[in-house]
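Me: Please take a close look at one helix of this structure and tell me which way its sides face. I am new to the structure, so please explain the terms as you go.

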Amino acid sequence: MSEEIKASAEEKKSVFVHLHNHTDYSLLDGAAQIPAYIGKCKEYGMDAVAITDHGNMYGAMKFYKACRAAGIKPIIGSEFYMNPRDRRDQSPFSEGRNHSYHLILLAMNDNGYHHLMELTTLANTEGFYYKPRIDDEILASHSDDLICLSACLGGEILQNLLHDDYERAKERAAWFKSVFKDRYYIELQDHGLEEQKRTNPMLIRLA
């Protein structure tokens, strides 16, 4: 292999990184075990991968150690449940919508990791109602050194779009951007679902 082709292959190797993944620590949702994830990353030559289990960080340490042993950069995160009004509100439905929206947060460094742990603790001790929830207040006060993704069909932005409320989606996206600045990203997914086909063009427009 020529040096030019080899360099090109190395560049392609690290272009794509999975940032939204659920292991078997996402109870009743994820099925993949951490060693299988890391093995697949090695197989495809990926040099980094994230863990974002639902509402918890139970697998973070096991994931971190497995990644380091395999020479893969571990990105620690979680998919939080979000009630934008008040984490202590125990009214599960408001305006016909369930206020436990999904939101992805990824730690950029050790300080961000500590924010993840603090948010997870507050979600369970102050915001638990069927699920551990955070809200705008504590998210804004623990946003340093975190990257925020708008999440899946269960995310607040997409839920507003699915309810044909583009302006509300735009308003909330602007709020997240005001908090996270250049660390907020609109997430696109395509699993062949009709809802995603319908809303992905709106997400691109919003971004």
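Reply: The helix is α2, and the face turned away from its buried side carries the exposed residues Pro35 and Glu43. Exposed means over 50% relative accessible area, buried under 20%, and partly exposed in between, computed with a 1.4 Å probe on protein chains only. The model is predicted, so local features need pLDDT of at least 70 and side-chain atom pairs count only at pLDDT 80 or more, while totals for chains, interfaces and linings use all residues. Residues are numbered from 1 along each chain as its sequence is written, and side-chain values use heavy atoms, without hydrogens and water.

Helix α2 spans residues 34-43, and Ile34, Ile38 and Cys41 are buried in it. These three lie on the same side of α2 because they cover an arc of only 55 degrees around the axis; the arc is taken from the directions from the helix axis to the C-beta atoms. Helices (H or I, at least four residues) and strands (E, at least two) are DSSP runs, numbered from the N terminus.

The buried residues of α2 are covered by elements including β1 (48-54) and α3 (60-70), where contact means heavy atoms within 4.5 Å. After α2 comes Gly45, with a positive phi near 70 degrees.

For the wider setting, the largest nonpolar core has 41 residues, and Leu105, Leu139, Phe176 and Phe180 touch the most other members. Such a core is a set of buried Ala, Val, Leu, Ile, Met, Phe, Trp, Tyr and Cys residues joined through side-chain atoms within 4.5 Å. A second, separate core has seven residues, among them Ala48, Ala50, Ile75 and Leu106.
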